[in-house]
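Please go through the model shown here with attention to the relation of its copies, the packing of its helices and the surroundings of selected residues. Terms are given with their cut-offs where they come up.

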Protein chains: 2
Amino acid sequence: MTKHLRTDLTRLEKLLLNEGGCVEEAMRKAIYALQQRRADLARLVIDGDAEVDRREVEIEEECLKVLALHQPVATDLRFITACLKINNDLERVGDIAVNIAERALFLAGCPPIRIPRDLITMMEGATRMLREALDAFVNEDAAAARRICVEDDDVDNCHRAVFHGMLLVMQEHPDEIERAMQLVSVSRNLERLADHATNIAEDVIYMVEGEIIRHRARRK
Amino acid sequence: MTKHLRTDLTRLEKLLLNEGGCVEEAMRKAIYALQQRRADLARLVIDGDAEVDRREVEIEEECLKVLALHQPVATDLRFITACLKINNDLERVGDIAVNIAERALFLAGCPPIRIPRDLITMMEGATRMLREALDAFVNEDAAAARRICVEDDDVDNCHRAVFHGMLLVMQEHPDEIERAMQLVSVSRNLERLADHATNIAEDVIYMVEGEIIRHRARRK
């Protein structure tokens, strides 16, 4: 590999990790805003999304530039295509943080509603999966990435539990229907966060081992 | 461009369009299953998803092979990166068809519930957007692609209307809560279908014009 290509790939990795840090922070803030009924924090997340979008376009342009300039092969080509895909997932994670922040904003203006235990478990589980997926990327750790794919089932199970719990709340307390719907929406967004973390983990496995493992006994 | 590269790109385009036809058909069947309460059709869609997944992996491997083998630049590079991204969106559209089919399966086993007018409008609008996006890809028609990005707002507005309509139904008829939740879920899935169609349209614009237009006054 030429020294120039090495420099460009290091730069690309750094850009991607900065974007990852940015969406992780947005997700943490959105969840905190929901739990603490902090409309101000929720607004910060919503306003901050333009920056995530800017970074995504920058990274994609960088990937394409490196591809066109160096025409890399083998491991380097796999690294860049993994960056392209992870970049896409991170931007979607940013959208998910905004969706949760919007729910937090709405709920901060209503009488309080109890946040179900399973939803809190999901918040912890799905954000941990994202962290682990980004760590696996940095460390090129396919074994760690494989463990993340397994965790996705736990989050899916929690989502089902939240959905059914909220159904009961709505049936027993019609005045809580709108708020309960918002919590179901948060739960669905966390389920999608876990899916994106799993996508990233799969891209890491592909990057390290050159094998596409998607759709093997996982998610529909 | 070498004759060999031309053959490979034509083959890639054909694979992608076949996958597109496959997910369009799945989406049509899922919607029909929902409207006509056809559990058998819904099951067909669910069982058919493995084939969509297989196609996605095949296309991605093909894209990477062409990249590694020919190290294409400029227009050809943009074509392949667009294929990589559209492939990803089409696979997600396949997942959306499965989600809608699962809702259809559930609802086919319950007493009938009226499907709101706005939801039917969304079904028509979102599937039309997907068709138009694939047409814009085949015809390399950036102007048509730009029109699709505008249509996304109509679908978003319909989703909001469905959400609020269903809230009222749930408040007035607690026994319909679970079914109404399923329709909200269908509506959210159709909103995401329109987002994916928009992504594809944006990729077409990038492919044709070399410009990334994402996040310009569109979607959060």
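The report below moves from conventions to symmetry, helix packing, aromatic pairs, single residues and backbone angles.

## Basis of the values

This is a predicted model, in which local features need pLDDT of at least 70 and side-chain atom pairs count only at pLDDT 80 or more, while totals for chains, interfaces and linings use all residues. Residues are numbered from 1 along each chain as its sequence is written, chains are lettered from A and ligands numbered from 1 in the order in which they are written, and side-chain values use heavy atoms, with hydrogens and water left out.

## Relation of the two copies

Two copies of a chain are related by a rotation about an axis and a shift along it. Here a turn of 180 degrees, with a shift of 0.0 Å along the axis, lays chain A on chain B with an RMSD of 0.0 Å, the superposition being by least squares on the C-alpha atoms of residues with pLDDT of at least 70 in both copies. The two copies are thus related as by a two-fold rotation axis.

Within chain A, the C-alpha nearest this axis belongs to Q71(A), at 2.7 Å from it. Both copies use the same surface, since 100% of the contact residues of chain A recur in chain B, where contact means heavy atoms within 4.5 Å.

## Packing of α1 against α4

Helices are DSSP runs of H or I with at least four residues, numbered from the N terminus. In chain A, the axes of helix α1 (residues 3–36) and helix α4 (residues 117–139) come within 11 Å and cross at roughly 170 degrees; such axes are lines fitted to C-alpha atoms over the stretch in contact, with angles from 0 to 180 degrees between N-to-C directions. α1(A) and α4(A) are therefore roughly antiparallel to each other, a term that applies to angles over 145 degrees.

The α1(A) side of the contact includes L16(A), L17(A), M27(A), I31(A) and L34(A), and the α4(A) side includes I120(A), M123(A), L130(A), L134(A) and F137(A). Taken together, the residues of this contact divide into eleven nonpolar, three polar and three charged, with Ala, Val, Leu, Ile, Met, Phe, Trp, Tyr, Cys and Pro counted as nonpolar, Asp, Glu, Lys and Arg as charged, and the others, Gly among them, as polar.

## Aromatic pairs

A pair of aromatic rings is described by the distance of the centres and the angle of the planes. The search of the whole structure finds two such pairs over all chains, a pair being rings of Phe, Tyr or Trp (its six-membered ring) with centres within 6.5 Å, and stacked if the planes are under 30 degrees apart. F79(A) and F137(A) form a stacked pair, at 5.9 Å centre to centre and with 15 degrees between the planes. Because F79(A) lies in helix α3 and F137(A) in helix α4 of chain A, the pair ties together parts that are 58 residues apart in sequence.

Both rings belong to buried residues (under 20% relative accessible area, with a 1.4 Å probe and protein chains only): F79(A) has a relative accessibility of 9%, and F137(A) has 1%. In chain B, F79(B) and F137(B) are likewise stacked, at 5.9 Å and 15 degrees.

## Surroundings of single residues

A82(A), in helix α3 (residues 74–108) of chain A, is buried at 1% relative accessible area. Leaving aside neighbours within four places in sequence, A82(A) is in contact with D203(A) and M207(A). H159(A), in helix α5 (residues 142–172) of chain A, is also buried, at 10%, and with the same exclusion it contacts M122(A), V184(A), S187(A), R188(A) and E191(A).

In chain B, V186(B) lies in helix α6 (residues 177–209) and counts as buried at 1% relative accessibility. Not counting residues up to four places away in sequence, V186(B) touches L34(B), I100(B), R103(B) and L119(B). The C-alpha atoms of V186(B) and G125(B) are separated by 14 Å, with their positions 61 residues apart along the chain.

## Positive phi angles

R37(A) has a positive phi of about 55 degrees although it is not a glycine, and it is partly exposed (from 20% to 50%), with a relative accessible area of 33%. Q71(A), in the loop between α2 and α3 of chain A, is likewise not a glycine and has a positive phi of about 45 degrees. Q71(A) is partly exposed too, at 27% relative accessible area.

Key: Helices (H or I, at least four residues) and strands (E, at least two) are DSSP runs, numbered from the N terminus. Angles under 35 degrees count as roughly parallel, over 145 as roughly antiparallel, 65 to 115 as roughly perpendicular and the rest as oblique. Rings of Phe, Tyr and Trp (its six-membered ring) pair if their centres lie within 6.5 Å; planes under 30 degrees apart count as stacked, over 60 as edge-to-face and the rest as tilted.
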